[in-house]
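This report concerns the metal site and the cysteines of one protein chain. The sequence and the structure are shown first.

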Amino acid sequence: MTSYSLHKGAADKTKCDVVVAGVVRTKKGLEAAPGGEGIASAYGRKFRPLLSTVGFEGKPGEVAKIPTGGTLRSPLMILVGLGEAENLTPEKVRRAAGAAARSVSNAANVALALPTPDADHVRAVAEGFLLGTYAFTEFKTSKSDEAPGEVVVLTDLARNKEAVTALETAQVVAAATALTRDWVNTPPGDFTPEKFAAAVTQTKKEKKASKVTVKVTDAATLEAEGCGGIIGVGRGSANPPRLVQLTYKPRGAKTHLALVGKGITYDSGGLSIKPGPSMMTMKCDMAGAAAVVAATFAIAELGLPIAVTTFAPMAENMVSGSATRPGDVLTMYGGKTVEVLNTDAEGRLILADALVKATENEPDVIVDVATLTGHCVVALGDRVAGLLGNDDELIHTVQAAAARVGEALWPLPIPEEMREKVRTNTKVADLAQHNTERWGGALYAAAFLREFVGDTRWAHLDIAGPAFNGHGPHGYTPAGGTGMSVATLVELARELSEKK
Ligand code: BES
Ligand code: ZN
Ligand code: MN
């Protein structure tokens with residue numbers, strides 16, 4: 001476990017194994033970013049030549065490790081690029097701290113001398129570094145724990161109340177993000193619905209989260225309750241489905257937020273089977289459920305005054321003689337019938353049951369998070385999530401919350417014709433699960449989900465792209481599970497708890 005603290009102190013005078021500072025580009029050339037002034041003055045006129053010797057350009061994401069030879073009180077400095085001096089944002093600082101964290105090795109203590117003009121930047125420095133040190137070693141035979149024992153954020157705000165709270169928030173949110181990453185990275189055979197549900201129960205115990213209640217519903221009960229979506233998707237698998245519900249109801253809460261997350265522990269596509277290459281990363285298809293569960297524990301740990309009820313339907317989408325067929329009709333929780341036309345569009349089926357359940361508690365707002373469609377990845381790439389819903393003001397609120405914590409969400413419409421298609425593309429049931437015409441698949445999926453939220457204000461995050469990083473690490477984002485949307489959900493809860 002790494003300890004994090006705030007200290008007032010100069011970068012050049014702090015004794016530690018590694019000091020991290022930023023470098024910005026200005027009209028006059030490269031300069032130490034705020035926080036690292038002490039380093040620039042310790043090197044004096046030699047600072048710029050030093051940077052050019054190692055070919056440093058100050059580009060975002062750029063990192064240089066430089067032995068200090070006694071010029072500073074730490075033997076090693078890590079410089080990170082922050083780009084243009086005028087355009088510093090918390091997110092740029094968060095990414096730089098993450099890049100620095102990934103290049104630290106074999107250090108017992110680290111001082112971070114990055115820009116901290118306000119509490120948001122303090123949070124970004126700590127959070128970026130915490131997220132950047134993440135490693136998933138559960139299935140490695142040799143585990144080397146590289147994380148430093150002590151990290152000190154150097155800041156003039158060390159005694160500022162907001163900065164202290166910001167550090168605490170960073171630690172809680174980063175831990176929840178890491179938990180989400182762990183769950184996404186765990187191999188699907190080791191994370192069946194039953195095991196996922198057990199992991200949630202176990203987390204409540206480990207966190208001593210007495211304010212969160214966890215309820216696990218098994219397949220027989222789901223069947224008896226009429227959750228035809230969850231049962232229909234789960235019935236091709238030897239590992240039966242589950243529904244996990246979390247409740248957090250602090251005294252005095254005026255607002256009630258319901259969270260729903262897609263928990264497909266593996267998506268083979270079912271009988272509408274995926275080609276091999278598309279199946280390779282489908283252990284990530286429970287990232288939405290992982291994010292809403294981890295965010296709920298984080299909201300409770302922070303003690304935010306808002307009621308949260310969370311629904312995580314979990315199923316494995318597999319191929320077998322008992323699998324649902326394209327052409328089958330399922331009756332969802334609440335009674336609506338759905339004709340299944342493509343068993344690979346399974347997420348919307350398990351979400352339908354959970355959304356109806358969510359509306360029963362009459363929440364003020366429902367937010368669902370799902371690795372729902374490849375179409376959304378085509379539209380927005382793999383670093384931006386789609387944001388859809390039935391209430392423009394809520395969509396704006398969610399997007400603004402995401403922007404404050406550095407997550408990229410972009411609004412997509414649900415055009416009027418999609419309502420018609422969802423209702424008329426089937427001749428035998430109330431709704432058609434799938435649009436045989438492929439254009440706008442993310443919009444159609446959202447139009448389908450909208451049928452199950454009644455008139456509750458609802459936002460839908462399609463995180464199919466950014467939930468899983470199939471490439472190399474960048475900034476504070478590792479390869480594999482990213483924990484996308486945890487920070488946004490916690491920030492949204494904070495904002496909603498302050499309204500009314
Ligand atoms: N889990 C996938 C979506 C996905 C794609 C997640 C890529 C992460 C990365 C989802 O269940 C799916 O298979 N969607 C289909 C929908 C189609 C059948 C309408 C898709 O995207 O092709
Ligand atoms: Zn899926
Ligand atoms: Mn699928």
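The metal site is described below, followed by the cysteines.

The model is predicted. In it, the zinc ion (ligand 2) takes its protein donors from Lys 262 (NZ), Asp 267 (OD), Asp 285 (OD) and Glu 346 (OE), at 2.0 to 2.4 Å. Along the sequence these donor residues follow the spacing K-x4-D-x17-D-x60-E. Six donor atoms surround the zinc ion (ligand 2), and the angles they subtend, 79 to 173°, make the arrangement octahedral. For six octahedral donors the ideal angles are 90 or 180 degrees.

One of the donors also serves a second metal: Asp 267 bridges the zinc ion (ligand 2) and the manganese ion (ligand 3), and the two ions are 3.1 Å apart. Two other donors join separate parts of the chain. Lys 262 belongs to the loop between β10 (256-261) and β11 (263-267), whereas Asp 285 belongs to the loop between α9 (276-279) and α10 (287-301); the pair therefore ties together parts that are 23 residues apart in sequence. Lys 262 and Asp 285 are both buried.

The number of disulfides is zero. A disulfide would require two cysteine sulfur atoms within 2.5 Å. For Cys 284 the closest cysteine sulfur, that of Cys 376, is 13 Å away, which is too far for a bond. The accessibility of two cysteines is listed here.

| Residue | Relative accessibility | Class |
|---|---|---|
| Cys 16 | 7% | buried |
| Cys 284 | 5% | buried |

Both values fall in the buried class because the cut-off is under 20% relative accessible area.

Terms used:
Residues numbered from 1 in each chain as written. Chains lettered and ligands numbered in written order. Predicted model: local features only at pLDDT ≥ 70, side-chain atom pairs only at ≥ 80, totals over all residues. Heavy atoms only, no water. Donors = N, O, S within 2.8 Å, 3.2 Å for Na, K, Ca; no water. Tetrahedral: all angles 85-135°; square planar, octahedral: opposite > 155°, others 65-115°. Helix = DSSP H or I, 4+ residues; strand = E, 2+ residues; numbered from the N terminus. Buried < 20%, exposed > 50% of the residue type's maximum accessible area, 1.4 Å probe, protein only.
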